[in-house]
Amino acid sequence: MLDAHAVRAAVPMTAAVDAVREAFLDLAAGRFVVPQRLSFGGGTTLVMSACHTPTSTTVVKTLSLVAGRTPMILGTLVWNTAAGQVVADAIEVTTLRTGAASGVATDLLAPASAGRLALLGTGAQAADQVRAVAAVRPVSRLAVFGRDPSRAHGFADRMRAEFPEIVTRVAASAADAVSDAEIVCCATSSSTPLFAVDDLPERVHVNAIGSYLPSMRELPAELLGSAACVVVDQVDAVLEEAGEVIHAVDSGIVERSSLVELGNALRTPPTVSGRTVFKSVGLAVQDWAIARLLGDARPR
């Protein structure tokens, strides 16, 4: 069993971003079989799996999510090959691969010079959102907002220690955090939009990775309706689980046909301007990408 420290030591964020990018390209090329994620108990237990057909390697991940528990999420990942298995802490893999997906999307959609990052949320996913964006863009300023000011200040202190070159501040509100951002990362379990579309600059890229149930909504529908490009990890997955996308499509604000899957966007990069959005609920191909790196790193 590879614990969190072993996972982190084996997979730097730059390698994770590259691996997840390659996995999304393979997904777009039809090289994965990815069953729909299983959800039990109102989303308290999740089971995700994927098979990479060219290599006949598979990954299976189980997660238990209980609000108020410390830690809130527990889980195990198993990567299967003809040569054997890798078993790893699923939580570290999940935060790493989720951050990496935001890094892939940011690298595709944000201006090359973008350096002002706003982070909404200070939970388990937050740090890897910063790490991933910093791996692909020259981040110089970070604005952090969280519902609990003491946690937000503690998180900001940790980011200052990890990234002393980034000027980090705790924002007074979500609107304050995003007001001059070039990149926004949303990593919350909010059931209502975190900000109004008019709070955003005219040119900004937004990643939203926190909501994973139809009842959750981090983004305003107006942003999805007016964005120059809305990229998702997988259309069927977000229309099953992403509350903000479900609401926008059901309301006629967004056409299903306008949603672009990340793998296809990587194969044919869109011409972007104005506001862009990446919405992810997480796919097992991302877990497979990190598991492959862990398998490559194991002693022979």
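Accessible areas here come from the Shrake-Rupley method with a 1.4 Å probe.

**Figure 1. The outer surface of the predicted model.** Rolled over the chain of this predicted model, that probe finds about 12200 Å² exposed. Carbon and sulfur atoms supply 54% of that area. As for what sits underneath, 53% of the 300 residues count as buried.

**Figure 2. The chain as a whole, with its helices and strands.** We've got 11 helices and 14 strands to look at here. The C-alpha trace spans about 55 × 45 × 40 Å along its principal axes. A compact globule of 300 residues would have a radius of gyration near 19 Å, and the chain comes in at 18 Å, so the two agree.

**Figure 3. Contacts across the chain.** Take the contacts with a separation of 6 or more: 69% of them are between residues 24 or more positions apart.

**Figure 4. The one cavity of 30 Å³ or more.** The structure holds 1 cavity that makes this cut. The volume of the largest cavity is about 40 Å³.

**Figure 5. A closer look at the lining of the largest cavity.** Which residues line the largest cavity? They are L63, I73, I91, T94, T95, A124 and Q125. Sorted by class, that makes 4 nonpolar and 3 polar residues, with no charged ones in the lining.

**Figure 6. Helix α3 at the largest cavity.** Helix α3 covers residues 90-109. The largest share of the cavity lining comes from this helix, which gives 3 residues.

Key
Residues are numbered from 1 along each chain as its sequence is written. This is a predicted model: local features need pLDDT of at least 70, side-chain atom pairs count only at pLDDT 80 or more; totals for chains, interfaces and linings use all residues. Side-chain values use heavy atoms; hydrogens and water are left out. On a 1 Å grid over the protein atoms alone, a cavity is a set of points where a 1.4 Å probe fits but cannot get out, and a pocket is an open set with protein on both sides within 12 Å along at least five of seven lines; lining residues have an atom within 4 Å of a point. Grid points are joined across faces, edges and corners, and a volume is the space filled by probe spheres set on the points. Helices (H or I, at least four residues) and strands (E, at least two) are DSSP runs, numbered from the N terminus. Ala, Val, Leu, Ile, Met, Phe, Trp, Tyr, Cys and Pro count as nonpolar, Asp, Glu, Lys and Arg as charged, and the others, Gly among them, as polar. The radius of gyration is taken over C-alpha atoms; the globule rule is 2.2 Å times the number of residues to the power 0.38. Buried means under 20% relative accessible area, exposed over 50%, partly exposed in between (1.4 Å probe, protein chains only). Contact means heavy atoms within 4.5 Å.
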